[in-house]
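Visitor: I would like to learn how to read the features of a structure like this one, beginning at its surface. Could you take me through it step by step?

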Amino acid sequence: MSNRWPVIAVVLSYLFMLFGGGAVKPDYSHINQFISELNATGTPYARTIGWIGFVPFGVFASILLIATERKAPVHGISRLGYWMLLAEPIAYIGSAIAPCDIGCPTEGSPSQILHNLLGVITFLSTTLGLFFLSFTPNTSVAHRASWVCLSLMWLTLFGLMVDGSMFEFRGALQRVGEWIVYGVLCVCAWRILGPNNSLQPHIRPGGKTQT
């Protein structure tokens with residue numbers, strides 16, 4: 001259990017950031033508002049939520065990725081994909097430094113422009129990162145297909161999230177995407193950091209590998 005503390009820290013800090021921040025934010029809606037709007041410039045408790053909510057989650061998520069990497073069965077392009085996932089915690093830390101304007105518009109202050117740029121880079125990096133994980137060595141066809149589907153789901157939800165016709169549900173779309181992707185990654189990290197790493201390939205008699 002001691003090796004798995006970063007997974008627990010990530011889950012707890014995410015829930016604290018999301019639901020704790022939403023609880024103190026007047027009239028905040030998890031259905032139609034982006035998570036970034038929790039610390040939108042000029043809104044109540046913005047800096048508090050950014051620095052006590054976004055930053056700790058970003059730091060713990062970064063620690064988890066670093067701690068898990070040496071045991072993760074990635075190599076070559078899949079290792080590149082693994083490190084591309086660092087864009088997620090970096091984006092949360094960046095959101096505390098460059099918060100969005102009220103409503104998270106497509107245009108706005110310099111902080112909003114930087115925030116938007118960070119968001120686009122993050123979603124594209126995560127999409128490619130998840131796709132590259134499908135090239136993890138000695139991985140079954142089912143697992144490869146799962147990473148590809150996860151990548152496509154992430155990209156699709158991002159497209160719907162920024163579609164003006166889905167404005168009323170953009171917050172829900174973002175949360176569904178994060179919960180699924182973060183949930184899968186946390187489960188994988190939990191297994192990797194366990195006493196018996198169930199994601200490492202095992203050697204069969206004769207030198208062949210299986211997962």
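Guide: Let us begin with a term: a nonpolar patch is made of residues with over 30% relative accessible area and no salt bridge, whose nonpolar side chains are joined within 5 Å. Please keep in mind throughout that this is a predicted model.

Visitor: Which residues form a nonpolar patch on the surface here?

Guide: The patch is formed by Val11, Leu15, Phe19 and Trp179, which together have about 360 Å² of accessible area. Helix α1, residues 5-24, gives the most to this patch, with three residues. Leu15 can serve as an example from the patch: Leu15 lies in helix α1, and with a relative accessible area of 39% Leu15 is partly exposed.

Visitor: How should I read burial along a helix, and which residues of α3 are buried?

Guide: The general idea is that an α-helix has 3.6 residues a turn, so residues three or four places apart point the same way. In helix α3, which spans residues 77-84, the buried residues are Ser78, Gly81, Tyr82 and Met84. Seen down the axis of α3, these buried residues fall within an arc of 160 degrees, so they line one face of the helix. Their cover includes α2 (46-69), α4 (87-97) and α5 (110-132).

Visitor: How many residues of α4 are buried, and what covers them?

Guide: Helix α4 is mostly covered, since eight of its 11 residues are buried. Those buried residues are Ala87, Glu88, Pro89, Ala91, Tyr92, Gly94, Ser95 and Ala96, and what covers them includes α1, α2, α3, α5, α6 and α7 (170-192).

Visitor: With which residues is Ser95 in contact, leaving aside its neighbours within four places in sequence?

Guide: Ser95 has its place in helix α4 and counts as buried at 7% relative accessibility. Once the neighbours within four places in sequence are left aside, Ser95 is in contact with Ser36, Asn39, Phe54, His115 and Leu118. Gln174 can be read in the same manner: Gln174 lies in helix α7 and, at 10% relative accessibility, counts as buried. With its neighbours within four places likewise set aside, Gln174 is in contact with Phe34, Ile35 and Met161.

Visitor: Let us turn to the cysteines. How many disulfides does a search of the whole structure find?

Guide: A disulfide is a covalent bond between the sulfur atoms of two cysteines. A search of the whole structure finds one disulfide, and it joins Cys100 to Cys104, with an S to S distance of 2.5 Å. The torsion about the S-S bond of Cys100 and Cys104 is about -70 degrees, so this disulfide is left-handed. Cys100 is buried, with a relative accessible area of 0%, and Cys104 also counts as buried, at 11% relative accessibility.

Visitor: Why is there no bond from the sulfur of Cys188 to that of Cys186?

Guide: Cys186 is in no disulfide, and the nearest cysteine sulfur, that of Cys188, is 9.4 Å away. Seen from the other side, the closest cysteine sulfur to that of Cys188 is in Cys186, and the 9.4 Å between them is too far for a bond. Cys186 counts as buried at 13% relative accessibility, and Cys188 is buried as well, with a relative accessible area of 16%.

Visitor: What should I look for in the backbone, and what is the phi of Tyr45 near?

Guide: Most residues other than glycine have a negative phi, and most peptide bonds are trans. The phi of Tyr45 is near 60 degrees, a positive value in a residue other than glycine. Tyr45 has its place in the loop between α1 and α2 and is partly exposed, with a relative accessible area of 49%. Asn138 gives another case, with a phi near 55 degrees, which is likewise a positive value in a residue other than glycine. Asn138 lies in the loop between α5 and α6 (141-161) and is partly exposed, with a relative accessible area of 38%.

Visitor: To finish with distances, how many residues apart in sequence are Leu124 and Asp163?

Guide: Leu124 and Asp163 are 39 residues apart in sequence, and from C-alpha to C-alpha they are 16 Å apart in space. Leu124 lies in helix α5 and is partly exposed, with a relative accessible area of 46%.

Key
Residues numbered from 1 in each chain as written. Predicted model: local features only at pLDDT ≥ 70, side-chain atom pairs only at ≥ 80, totals over all residues. Heavy atoms only, no water. Buried < 20%, exposed > 50% of the residue type's maximum accessible area, 1.4 Å probe, protein only. Helix = DSSP H or I, 4+ residues; strand = E, 2+ residues; numbered from the N terminus. Arc of directions from axis to C-beta. Contact = heavy atoms within 4.5 Å. Patch = residues over 30% accessible without salt bridge, like charges linked within 9 Å, V, L, I, M, F, W, Y side chains within 5 Å. Areas by Shrake-Rupley, 256 points an atom, 1.4 Å probe, with all protein chains shown as cover. Salt bridge = Lys/Arg side-chain N within 4 Å of Asp/Glu carboxyl O. Disulfide = S-S within 2.5 Å.
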